Amino acid sequence: MNIVIIEYNGGNTRSVQFALQRIGFPKTVISDDPTVILQADRVIFPGVGEASSAMRRLRSLRIDRIIPDLKQPVLGICLGMQLLCSGSAEGETPCLGIFPDMVRRFPADKKVPHIGWARIRHADSPLFRGIAQDEWFYFVHSYCVPVNPGTSSVCRHGVAFSAAMQKDNYTGCQFHPEKSGSAGERFLTNFIKGDV
Amino acid sequence: MPAKRIIPCLDVKEGRTVKGVHFTGLRDAGDPVELGARYAAQGADELVFLDITASIENRPAFARLVEETASVLNIPFTAGGGISSCRHVETLLRSGADKITVNTAAVLNPALISRLAAAFGSQCIVVAVDIRRGESGWEVWTHGGRCPSGRGAVDWAAEAADRGAGEILLTSMDHDGTTNGFAAGITRLIADAVPVPVIASGGAGRISHFIDVFQQGGAEAALAASVFHYGTIGIPELKERLAANGIPVRPVSEERRENEAD
């Protein structure tokens with residue numbers, strides 16, 4: 001299994017790589033090379049930080065052009081999921097447009113960033129096989145994707161938002177599976193091994 | 001609404017934990033990685049590792065420790081101690097830390113917070129604020145609590161959040177080490193004044209102190225060291241009591257309990 005983690009903004013690529021090591025995939029590749037990414041069996045698109053600078057970085061590496069054409073399963077994590085959407089309110093940023101939805105800022109009546117462990121509800125999907133309803137996952141974000149037809153898992157922080165989304169070969173999760181204990185590791189295993 | 005978080009803090013000097021740790025069954029009580037994994041298994045929500053050597057020549061050792069920790073832990077952790085530059089932050093984040101804390105350097109140069117938030121995102125910038133009560137109210141102290149800064153606590157916390165801090169780690173030096181409870185009053189004032197989460201620190205001695213700082217203090221998270229290291233309070237018991245008092249916590253799962261019983 002050739003798993004490639006896209007490196008583009010110095011984010012949490014190592015944490016994702018370590019999590020994959022723990023679940024039995026010691027030889028993942030971290031790369032910003034479009035050729036390497038295109039050859040992967042599974043692509044993980046992580047990301048932390050700010051949307052507009054992340055998109056600028058993707059464009060300068062020309063990765064923005066290949067992500068929408070990938071045919072293998074792709075998992076966008078946190079900012080990675082948000083960048084798969086059509087655009088983000090963060091910096092008024094046009095994004096990759098795989099999911100048709102817009103990323104919005106949380107309303108100001110709750111503590112933002114939304115940081116910590118929160119429970120999710122999920123649809124019956126191979127991605128959540130073996131994961132209980134109301135299981136706890138770790139989140140850290142100030143922007144979120146509203147619930148939409150592609151939403152496969154929902155969380156609440158004042159408002160309901162997408163904890164995970166799916167469309168064709170693309171999956172996004174707002175939580176950090178690499179930091180969400182054994183449930184997160186199960187989610188990553190499902191993505192790598194499962195029929196997604 | 002996220003669960004209220006319980007965060008053990010480990011002080012690290014030359015790659016070893018320094019506060020006495022009275023856990024049975026630890027292979028090496030001075031090994032921060034093993035201790036961190038133990039806390040994770042007990043149900044800690046996050047960990048903080050503070051490099052109290054923080055001398056420049058020992059920084060690579062701390063970064064290696066961060067990397068080793070990141071490879072083992074499946075929960076988030078924050079690294080800090082003596083951080084004063086973007087490069088230092090980048091090293092720790094690249095080594096696998098989820099967040100970093102800045103303290104003195106941010107007070108001396110508040111623009112550092114703005115720079116770090118722009119470069120790495122607010123979500124990983126925790127501004128640690130050490131305070132003492134003086135004649136004119138709660139004041140910010142720097143250099144490990146040795147130097148008064150002249151800044152008011154609420155005012156500084158608000159500026160830090162404004163500049164892009166994702167969280168405020170508030171430590172009352174007056175309460176730290178007393179085991180007489182957190183400074184719930186000033187924690188509440190700051191929690192109400194800033195839009196970002198506040199982590200309360202300093203003074204934990206009993207489970208009721210945690211209940212107070214969440215209910216009265218409005219903290220999103222509570223950090224403690226000795227009560228966990230000395231085994232005065234066990235995290236599973238703490239979380240059970242918090243839940244029984246209506247405070248939302250991520251429960252310690254059966255699986256984690258079994259690990260602990262081993």
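**Figure 1. Arg250(B) reaches over a ring of chain A.** The charged end of Arg250(B) sits over the ring of Trp117(A), 3.7 Å from its centre; such a charge is NZ of Lys or CZ of Arg within 6 Å of the ring centre and within 35 degrees of the ring normal. Within chain B, the charged end of Arg132(B) is placed over the ring of Trp141(B), 4.8 Å from the ring centre. A word on what you are looking at: this is a predicted model, in which local features need pLDDT of at least 70 and side-chain atom pairs count only at pLDDT 80 or more, while totals for chains, interfaces and linings use all residues. Residues are numbered from 1 along each chain as its sequence is written, chains are lettered from A and ligands numbered from 1 in the order in which they are written, and side-chain values use heavy atoms, with hydrogens and water left out.

**Figure 2. Chain A meets chain B.** The contact (heavy atoms within 4.5 Å) takes 28 residues from chain A and 35 residues from chain B. About 2,600 Å² is buried between the two chains, and carbon and sulfur atoms give 53% of it; this area is the accessible area (1.4 Å probe) lost on putting the two parts together, summed over both. Lys111(A), Trp117(A) and Lys179(A) supply 27% of what chain A buries against chain B, more than any other three residues.

**Figure 3. A salt bridge between Lys179(A) and Asp98(B) crosses between the chains.** Three salt bridges are counted between chain A and chain B, each a side-chain nitrogen of Lys or Arg within 4 Å of a carboxyl oxygen of Asp or Glu. In the one shown here, the closest N and O atoms of Lys179(A) and Asp98(B) are 3.0 Å apart. Asp98(B) comes from the loop between α3 (86-95) and β5 (99-102) of chain B, and Lys179(A) from the loop between β13 and α6 of chain A; helices (H or I, at least four residues) and strands (E, at least two) are DSSP runs, numbered from the N terminus. Asp98(B) counts as buried at 19% relative accessibility, and Lys179(A) at 2%, where buried means under 20% relative accessible area, exposed over 50% and partly exposed in between (1.4 Å probe, protein chains only).

**Figure 4. A salt-bridge network in chain B.** Arg5(B), Glu46(B), Lys99(B) and Glu167(B) are linked through salt bridges. Glu46(B) pairs with Arg5(B) at 2.6 Å between the closest N and O atoms. Glu46(B) lies in the loop between α1 (32-42) and β3 (47-51), and Arg5(B) in strand β1 (residues 5-13), so the pair ties together parts 41 residues apart in sequence. Lys99(B) also bridges to Glu46(B), here at 3.1 Å. Glu46(B) is buried at 1% relative accessible area, Arg5(B) at 0% and Lys99(B) at 2%.

**Figure 5. An aromatic cluster in chain A.** Phe106(A), Phe128(A), Phe137(A), Phe139(A), Phe161(A), Phe175(A) and Phe187(A) form one cluster. Over all chains the structure holds twelve aromatic pairs, in which rings of Phe, Tyr and Trp (its six-membered ring) have centres within 6.5 Å; planes under 30 degrees apart count as stacked, over 60 as edge-to-face and the rest as tilted. Phe106(A) and Phe161(A) meet edge-to-face, 5.4 Å centre to centre with 85° between the planes. Phe106(A) sits in the loop between β7 (102-105) and β8 (114-122), and Phe161(A) in strand β12 (residues 159-167), 55 residues apart. Both rings belong to buried residues, Phe106(A) at 4% and Phe161(A) at 0%.
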